[in-house]
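Subject: Structure for your files

Hello,

Here is the structure I said I would pass on. My notes on it follow below.

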Amino acid sequence: MKVLKILFFFSLVGTVSMNAQEISEHALGLRLGDSDGFGAEISYQKSIGRSNRVEFDLGWRDSRTYDAFKLAALYQWVRPIEGGFNWYYGVGGGLGSVDFPNIPGFDDEGGLFVFAAGDIGVEYKFDIPLLLSLDFRPEIGVIGYDGFSDNFDFDIGLGVRYTF
């Protein structure tokens with residue numbers, strides 16, 4: 001009985017994978033979101049198969065209390081829903097740097113950090129070369145600057161990308 005369940009599971013996964021909608025070869029745009037101060041990211045996606053892609057995001061933030069940048073890289077699996085909608089999930093990580101300039105009475109200088117990230121979201125591909133997405137990217141600091149990177153962040157972002 002277990003063998004039949006396992007065979008059914010693999011045949012179902014194989015069928016879903018074979019019916020996957022083509023994803024865009026390239027997508028370039030913005031990912032707008034906020035959890036830890038990174039409000040905007042330049043985003044690039046590159047397909048590496050019928051249902052897989054990599055995503056690179058470069059984010060920056062200038063605020064009253066700190067200046068920072070963050071580079072993230074994610075490997076994603078894309079699955080079709082229906083009518084131009086896909087959902088996706090992935091894993092990855094990145095690195096960043098934070099600086100605390102001109103804060104009276106604050107002697108912390110900031111530093112570099114490395115983080116691990118996951119990703120899950122939904123996207124819609126229009127008939128024109130436009131892709132909209134909404135995703136959730138939990139991040140956790142791995143090594144580096146302890147005052148900024150060792151907490152768990154919930155990053156929710158809206159992506160607007162040109163596909164080509």
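**Overall layout**

Read from the N terminus, the elements of the protein follow the order α-β-β-β-β-β-β-β-α-β. That comes to 2 helices and 8 strands. Please keep in mind that this is a predicted model.

Of the 164 residues, 37% count as buried. The protein exposes about 9,500 Å², and carbon and sulfur atoms supply 68% of that area. Among contacts between residues at least 6 apart in sequence, 52% join residues at least 24 apart.

**Nonpolar core**

The largest nonpolar core has 5 residues in all: Ala-72, Leu-74, Phe-113, Phe-115 and Ala-117. Strand 4 and strand 6 each supply at least two residues of this core, and strand 6 gives the most, with 3 residues.

Leu-74 is a member of this core. Neighbours within four places in sequence aside, Leu-74 is in contact with ten residues' worth of surroundings that include Val-54, Val-91, Gly-92, Ala-117 and Gly-118. Charged residues are also on the contact list of Leu-74, among them Arg-53, Glu-55, Asp-57, Asp-119 and Arg-137.

**Salt bridges**

The count comes to 12 salt bridges. Three of them are described here.

Glu-25 pairs with Lys-46, with 2.4 Å between the closest N and O atoms. Glu-25 sits in the loop between helix 1 (2–18) and strand 1 (26–34), while Lys-46 belongs to strand 2 (residues 40–47), and the two are 21 residues apart. Glu-25 counts as partly exposed because its relative accessibility is 41%. Lys-46 also counts as partly exposed, at 24%.

A salt bridge also joins the side chains of Glu-123 and Arg-53, at 2.8 Å from N to O. This pair links distant parts of the chain: Glu-123 is in strand 6 and Arg-53 in strand 3 (residues 52–62), 70 residues apart. Both Glu-123 and Arg-53 are buried.

The side chains of Lys-70 and Glu-139 form a salt bridge as well, at 3.0 Å from N to O. Lys-70 lies in strand 4 and Glu-139 in strand 7, so this pair ties together parts that are 69 residues apart in sequence. Lys-70 and Glu-139 are both buried. They also belong to one network of salt bridges that share partners, whose other members are Arg-31, Glu-41, Glu-55, Asp-57, Asp-135, Arg-137, Asp-155 and Arg-161.

**A buried arginine without a salt bridge**

Which side chain of opposite charge is nearest to Arg-79? It is Glu-123, 11 Å away. Arg-79 is buried yet has no salt bridge. Side chains of opposite charge can pair when their charged atoms come close. The cut-off for a salt bridge is 4 Å, so a partner at 11 Å does not qualify. Arg-79 lies in strand 4 (residues 67–82). What its side chain does have is a polar contact of 3.4 Å with the side chain of Ser-51.

**Phe-126**

Phe-126 lies in the loop between strand 6 (111–125) and strand 7 (130–144). Is Phe-126 buried or partly exposed? Phe-126 counts as partly exposed, because its relative accessibility is 30%, and the range for that class starts at 20% and ends at 50%. Phe-126 and Thr-163 are 37 residues apart in sequence, with their C-alpha atoms 9.7 Å apart in space.

Regards

Methods:
Residues are numbered from 1 along each chain as its sequence is written. This is a predicted model: local features need pLDDT of at least 70, side-chain atom pairs count only at pLDDT 80 or more; totals for chains, interfaces and linings use all residues. Side-chain values use heavy atoms; hydrogens and water are left out. Helices (H or I, at least four residues) and strands (E, at least two) are DSSP runs, numbered from the N terminus. Buried means under 20% relative accessible area, exposed over 50%, partly exposed in between (1.4 Å probe, protein chains only). A polar contact is a pair of N or O atoms within 3.5 Å; within protein, one must be able to donate a hydrogen and the other to accept it, and residues adjacent in sequence count only if both atoms are side-chain atoms. A nonpolar core is a set of buried Ala, Val, Leu, Ile, Met, Phe, Trp, Tyr and Cys residues joined through side-chain atoms within 4.5 Å. Contact means heavy atoms within 4.5 Å. Accessible areas come from the Shrake-Rupley method with a 1.4 Å probe; for residues, only the protein chains shown count as cover.
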